[in-house]
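Q: I would like a close look at one part of this model, with the side-chain contacts taken step by step. Please keep to the geometry.

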Amino acid sequence: MTSEKASVEGRRSPRIVARIPLELRPVQEPRTAETAVINLHGALILSPVPWPAETILELRNQKNKRLIRARVVWTGPEDGSGSYKLGVEFEAAESGFWGDDYSLKPAQIADANTKENQ
C-alpha cells in the first residue's frame, strides 16, 4: 500500500486544498478568516484569533453565504503572518457548505460515508 493511499484511507473524507473566505462568530463579534484545507467534516482555517480548543464557532462561507457550526479541535501557534491554524470539526458531515469548492465524484462520497459509519 502506498503512503498516499494509507493517508487517504485514514481520513473520513478526502481533503481538498482551497482558499475560501469565512466569517467566524463565537458570540457577536465576527472575525474574518480563510480556509487552507477543507473536507466534509471540517477544515484547517487560518484565523487572526487563536480560539481555544472546544470553542464552538459559527462559520459563514463568504462565497455562498451558508452557515454551519463547528468545534475547534486544536489551535496551532502564530505562523509569523499574524494567523493561527485552527482545526475545526463540523457537528455533522456537510457536503453543501463548501459549494463548488468541494466537488467529489459520487464514488468518493459513498466511500466517505462508508468510512464514517464504520
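How many aromatic pairs does a search of the whole structure find? Please start there, and then go on to the strands and the salt bridges.

A: The model is a predicted one, and a search of the whole of it finds 3 aromatic pairs. One of them is formed by Phe-90 and Trp-98, whose ring centres are 5.7 Å apart with 35° between the planes. That angle is neither under 30 degrees nor over 60, so the pair of Phe-90 and Trp-98 is classed as tilted. Another contact of Trp-98 is with Phe-97: here the centres are 4.8 Å apart and the planes stand at 70°, which makes the pair edge-to-face. Through such ring pairs Phe-90, Phe-97 and Trp-98 are linked into a cluster.

As for accessibility, Phe-90 has a relative value of 5% and Trp-98 a value of 1%. Both residues count as buried because the cut-off is under 20%. Phe-97 is buried as well.

The strands come next. S5 and S6 pair in the antiparallel sense, with 5 bridges between them. Across this pairing, Glu-58 stands opposite Arg-69 in S6. The hairpin of S5 and S6 has 5 residues between its strands, and Lys-65 in this hairpin takes a positive phi near 65°. S6 also pairs with S7, again antiparallel, over 6 bridges. These two strands form a hairpin with 5 residues between them, and Gly-80 in its turn has a positive phi of about 95°. Within the pairing of S6 and S7, Arg-71 has Glu-89 in S7 as its bridge partner.

The charged side chains can be placed on this frame. The structure holds 6 salt bridges. One of them joins Arg-12 to Glu-89, with the closest N and O atoms 2.9 Å apart. Arg-12 sits in the loop between helix H1 (3-9) and strand S1 (16-17), while Glu-89 belongs to strand S7 (residues 84-90), so this contact ties together parts that are 77 residues apart in sequence. Both residues are partly exposed: the relative accessible area is 37% for Arg-12 and 23% for Glu-89.

Arg-71 takes part in a salt bridge with Glu-54, at 3.1 Å from N to O. This pair links distant parts of the chain, with Arg-71 in strand S6 (residues 67-78) and Glu-54 in the loop between strand S4 (42-47) and strand S5 (56-61), 17 residues apart. Arg-71 is partly exposed, at a relative accessible area of 26%. Glu-54 has a value of 51% and is classed as exposed, because the cut-off for that class is over 50%.

Glu-89 and Arg-71, already named as bridge partners in the strand pairing, also form a salt bridge, and their closest N and O atoms are 2.8 Å apart. This contact too links distant parts of the chain, as Glu-89 in S7 and Arg-71 in S6 are 18 residues apart. Taken together, Arg-12, Glu-54, Arg-71 and Glu-89 are joined into one network by salt bridges that share partners.

Conventions
Residues are numbered from 1 along each chain as its sequence is written. This is a predicted model: local features need pLDDT of at least 70, side-chain atom pairs count only at pLDDT 80 or more; totals for chains, interfaces and linings use all residues. Side-chain values use heavy atoms; hydrogens and water are left out. A salt bridge is a side-chain nitrogen of Lys or Arg within 4 Å of a carboxyl oxygen of Asp or Glu. Helices (H or I, at least four residues) and strands (E, at least two) are DSSP runs, numbered from the N terminus. Buried means under 20% relative accessible area, exposed over 50%, partly exposed in between (1.4 Å probe, protein chains only). Rings of Phe, Tyr and Trp (its six-membered ring) pair if their centres lie within 6.5 Å; planes under 30 degrees apart count as stacked, over 60 as edge-to-face and the rest as tilted. Two strands pair if DSSP finds at least two bridges between them.
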